[in-house]
Amino acid sequence: MSDWKERARAEVDRIGDQLREVAQELFDNPELKLEETHAAAVLTERARDAGFEVEVGVAGLETAFVASHPEISDGPTVAILAEYDALPEIGHACGHNLIAAGALGAAMAVGAVKKGLPGRLLLMGTPGEEGGGGKVTMVDQGLFEGVDAAMMYHPAPMTIVGHGSLAITEVKIEFHGRPAHASAWPEKGINALDAVIQTFNGLNALREHIKDGARVHGIISNGGAKPNIVPEYASAEFYVRAPETPYRDELLVKLRNCAEGAALATGATLEWSEVGHSYKSIKPNRPLVDAYVANLEALGWSLGAPVDAMGSTDMGDVTQAVPGIHPYLQICAPDIAAHTREFAEASSSERGFDVMLVAAKTLAMTAIDVLTPPALVERMWSSFRET
Ligand SMILES: [Zn+2]
């Protein structure tokens with residue numbers, strides 16, 4: 001192992017207690033997407049103390065930040081990404097407190113050995129992963145321009161590196177009909193609920209012909225007021241997801257066709273809106289994945305069996321803009337799912353904290369791989385362009 005890596009690892013051990021404190025502090029003060037003022041303050045204060053130059057409120061997002069290490073020279077730019085938003089009611093049930101502390105640790109560890117290493121080192125605070133699309137905004141605002149490698153990790157019930165994610169778009173479908181007494185004058189009514197049901201039926205008929213791995217799932221969010229009034233208004237919400245962004249877009253057209261067909265059949269009028277943020281699918285960068293795996297194995301870890309389960313994340317948009325990785329490290333038993341109280345417990349456990357330190361070390365080691373000349377950066381970019 002290179003001397004830089006040895007020193008970075010030693011630095012993580014040296015600041016380990018500080019990082020545990022940060023992870024616990026964020027866990028104890030969960031904040032919802034784009035409202036993470038306390039977390040952003042804690043992280044940027046630590047980064048400033050470690051000598052980073054910090055800008056908070058970047059990309060027009062109050063809780064987004066970029067912390068830049070002052071040792072800058074020609075060479076690659078590495079960005080280590082922190083997430084720190086929590087979920088309603090169940091707090092840090094996705095372990096973003098561990099992501100934040102691990103990212104801070106990795107940045108501080110590389111920062112400690114940065115003198116002598118070429119290039120530029122950034123710690124980027126990316127808020128609102130849980131539906132707020134902080135990274136999408138940051139990509140759109142050009143914050144990743146000039147970045148050669150964007151890296152983060154995510155705590156999980158299994159260890160896998162190079163896993164993809166599903167591109168997602170959230171859709172709201174509303175139908176407007178005409179009310180009428182459902183028994184006396186049903187012929188005067190136009191039933192908006194029927195249009196919603198017809199949309200589901202059309203979609204369900206399509207399922208046989210949808211590619212494996214895609215997911216279209218929905219709920220009826222308004223189905224009318226009373227059985228004796230023909231529903232004049234009804235609505236449904238769907239998440240449309242696919243392993244590849246273009247196929248997600250194809251599915252959106254198919255779903256829209258189902259809704260338009262339902263409108264035609266029932267006489268209701270369709271209002272279609274794509275709400276919230278669309279996330280692209282993750283494009284794992286192979287050379288970066290290989291480098292990360294080698295570093296993980298150097299610390300005695302081995303990968304778990306590949307799994308099919310996939311969610312969606314705004315890290316997808318980052319990895320479609322620049323080479324990136326989003327490895328998962330195991331912090332709990334394999335049968336515990338993220339977004340549960342059990343996962344929240346794991347996110348403040350000794351095991352969770354220990355894994356966070358492993359993440360800090362392996363991210364730092366991989367950042368050093370990128371910064372140390374010359375081959376990896378070129379291989380990363382050519383692989384990025386090919387896939
Ligand atoms: Zn998450």
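A nonpolar core is a set of buried Ala, Val, Leu, Ile, Met, Phe, Trp, Tyr and Cys residues joined through side-chain atoms within 4.5 Å. The exercises below concern a predicted model.

**Exercise 1. The nonpolar cores**

Determine how many residues the largest nonpolar core has, and which element gives the largest share of this core.

*Solution.* Step 1: the largest nonpolar core has 86 residues. Those with the most contacts inside this core include I80, L123, F144 and V370.
Step 2: helix α11 (residues 350-371) supplies the largest share of this core, namely 13 residues.
Step 3: take V370 and set aside its neighbours within four places in sequence; V370 is then in contact with P76, V78, A149, M151, L288, L376, V377 and M380.
Step 4: another core, of 26 residues, lies apart from the largest one, and L203, L251, A259 and A263 are among its members.

**Exercise 2. The zinc site**

State which residues coordinate the zinc ion and why the pair H96 and H154 ties together parts of the chain.

*Solution.* Step 1: the zinc ion is coordinated by C94 through SG, by H96 through NE2 and by H154 through NE2, at 2.1 to 2.3 Å.
Step 2: along the chain, the donors of the zinc ion show the spacing C-x1-H-x57-H.
Step 3: H96 belongs to helix α4 (residues 96-112) and H154 to strand β6 (residues 154-156), so this pair joins parts that are 58 residues apart in sequence.
Step 4: buried means under 20% relative accessible area. H96, with a relative accessible area of 0%, is therefore buried, and H154, at 8%, is buried as well.

**Exercise 3. Helix α4**

Decide whether α4 is largely enclosed or not enclosed by the rest of the structure, and give its span.

*Solution.* Step 1: α4 has 17 residues, and its first and last C-alpha atoms are 24 Å apart, close to the 24 Å expected at 1.5 Å a residue.
Step 2: of the 17 residues of α4, 16 are buried, so this helix is largely enclosed by the rest of the structure.

**Exercise 4. The four-stranded sheet**

Give the order of the strands in the open sheet, and identify which strands stand at the edges.

*Solution.* Step 1: the open sheet consists of four strands in the order β8-β9-β7-β10, with antiparallel pairing.
Step 2: β8 (215-222) and β10 (269-279) each have a single partner strand; one side of each is therefore left without a neighbour in the sheet, and these two stand at the edges.
Step 3: from one strand to the next, the twist averages 20°.
Step 4: β7 (residues 167-176) and β9 (residues 233-242) pair over 10 bridges. Across this pairing, A167 stands opposite A242, and T169 stands opposite V240.
Step 5: β7 also pairs with β10, over eight bridges, and K172 has S273 in β10 as its bridge partner.
Step 6: seven of the 10 residues of β7 are buried, so this strand is largely enclosed by the rest of the structure.
Step 7: helix α6 (residues 192-206) lies across β7, β8 and β9, at about 20° to β9. Helix α7 (residues 245-266) lies across β7, β8, β9 and β10, at about 10° to β7.

**Exercise 5. The position of G60**

Establish where G60 is found and whether it is buried or exposed.

*Solution.* Step 1: G60 is found in the loop between β1 (53-56) and β2 (65-68).
Step 2: the cut-off for exposed is over 50% relative accessible area. G60 has 72% relative accessibility and therefore counts as exposed.
Step 3: although G60 and T137 are 77 residues apart along the chain, their C-alpha atoms are separated by 8.4 Å.

Terms used. Residues numbered from 1 in each chain as written. Predicted model: local features only at pLDDT ≥ 70, side-chain atom pairs only at ≥ 80, totals over all residues. Heavy atoms only, no water. Donors = N, O, S within 2.8 Å, 3.2 Å for Na, K, Ca; no water. Buried < 20%, exposed > 50% of the residue type's maximum accessible area, 1.4 Å probe, protein only. Contact = heavy atoms within 4.5 Å. Expected span 1.5 Å × (residues − 1). Pairing = 2+ DSSP bridges. Axes fitted to C-alpha atoms, helices over the stretch in contact; angles between N-to-C directions.
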